[in-house]
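Student: Please take a close look at one part of this structure, the packing and the aromatic contacts around it. Please go residue by residue and say how each label was reached.

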Amino acid sequence: MTDRDEEAMWRNRFILMNLLRIGATIGVLASLALWQSDVFVEGGTIVGFPLALLFLVASFWGPKWLAGRWRETPEP
């Protein structure tokens, strides 16, 4: 693997980790809006609370999981 390919790989991994964090944060905010407001459903719905928790877990532990997957050596 050339230096350029390696730089592109690390750049893509960095972008993916940040997209995961940003997407999960947007998911948390949307879930809270679903739960507490009339934005999606009139009167809100309790479904937003567990969704917010799932997105919150994904926001914190998703990047760690990705880093662990990338640390393992791929099998040929």
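Tutor: Leucine 66 is buried, because its relative accessibility is 11% and the limit for that label is under 20%. The model is a predicted one. Leucine 66 belongs to helix α2. Setting aside residues up to four places away in sequence, leucine 66 touches Leu16, Met17 and Leu20. One of these partners, methionine 17, is 49 residues away from leucine 66 in sequence, yet the C-alpha atoms are 7.5 Å apart in space.

The partner segments can be placed by their boundaries: helix α1 covers residues 3-36 and helix α2 covers residues 48-71. The axes of α1 and α2 come within 7 Å and cross at roughly 170°. α1 is therefore roughly antiparallel to α2, since an angle over 145 degrees takes that label. The residues of this contact between α1 and α2 comprise 18 nonpolar, 6 polar and 2 charged.

Further positions along α2 give more detail on this packing. Serine 59 also lies in helix α2. Serine 59 has a relative accessible area of 15% and so counts as buried. With residues up to four places away in sequence left out, serine 59 touches Arg21, Ala24 and Thr25.

Phenylalanine 55, likewise, is found in helix α2. Phenylalanine 55 is partly exposed, because its relative accessibility is 33% and that label covers values between the buried limit of under 20% and the exposed limit of over 50%. Apart from neighbours within four places in sequence, phenylalanine 55 is in contact with Ala24, Gly27, Val28 and Ser31. Glycine 27 is 28 residues from phenylalanine 55 along the chain, and 5.9 Å separates their C-alpha atoms.

Leucine 51 is placed in helix α2 as well. At 32% relative accessibility, leucine 51 counts as partly exposed. Its contacts, other than neighbours within four places in sequence, are with Ser31 and Leu34. Isoleucine 26 is 25 residues from leucine 51 in sequence, with a C-alpha to C-alpha distance of 12 Å.

Serine 31 appears among the contacts of phenylalanine 55 and also among those of leucine 51. Serine 31 is found in helix α1. Its relative accessibility is 4%, so serine 31 counts as buried. Without neighbours within four places in sequence, serine 31 is in contact with Gly48, Leu51, Ala52 and Phe55.

The connection between the helices comes next. Glycine 44 lies in the loop between α1 and α2. When neighbours within four places in sequence are left aside, glycine 44 is in contact with Leu34, Trp35, Ser37 and Asp38. From serine 31, glycine 44 is 13 residues away in sequence and 10 Å away in space, C-alpha to C-alpha.

Trp35, one of the contacts of glycine 44, leads to the aromatic rings. A pair of aromatic rings is described by the distance of the centres and the angle of the planes. Counting rings whose centres lie within 6.5 Å, the model has 2 aromatic pairs. In one of them, tryptophan 35 and phenylalanine 49, the centres are 4.8 Å apart and the planes stand at 50°, so the pair is tilted. Tryptophan 35 lies in helix α1 and phenylalanine 49 in helix α2, so this pair ties together parts that are 14 residues apart in sequence. Tryptophan 35 counts as partly exposed at 27% relative accessibility, and phenylalanine 49 is partly exposed with a relative accessible area of 36%.

The other pair is phenylalanine 60 with tryptophan 61: ring centres 6.3 Å apart and planes at 65°. That pair is edge-to-face, because planes over 60 degrees apart take that label. Phenylalanine 60 is exposed, with a relative accessible area of 57%, and tryptophan 61 also counts as exposed, at 53% relative accessibility.

One further ring contact involves a charge. The charged end of arginine 13 sits over the ring of tryptophan 10, at 4.9 Å from the ring centre.

Conventions: Residues numbered from 1 in each chain as written. Predicted model: local features only at pLDDT ≥ 70, side-chain atom pairs only at ≥ 80, totals over all residues. Heavy atoms only, no water. Phe/Tyr/Trp six-rings, centres within 6.5 Å; stacked < 30°, edge-to-face > 60°. Helix = DSSP H or I, 4+ residues; strand = E, 2+ residues; numbered from the N terminus. Buried < 20%, exposed > 50% of the residue type's maximum accessible area, 1.4 Å probe, protein only. Lys NZ or Arg CZ within 6 Å of the ring centre and 35° of its normal. Axes fitted to C-alpha atoms, helices over the stretch in contact; angles between N-to-C directions. Parallel < 35°, antiparallel > 145°, perpendicular 65-115°, else oblique. Nonpolar A, V, L, I, M, F, W, Y, C, P; charged D, E, K, R; others polar. Contact = heavy atoms within 4.5 Å.
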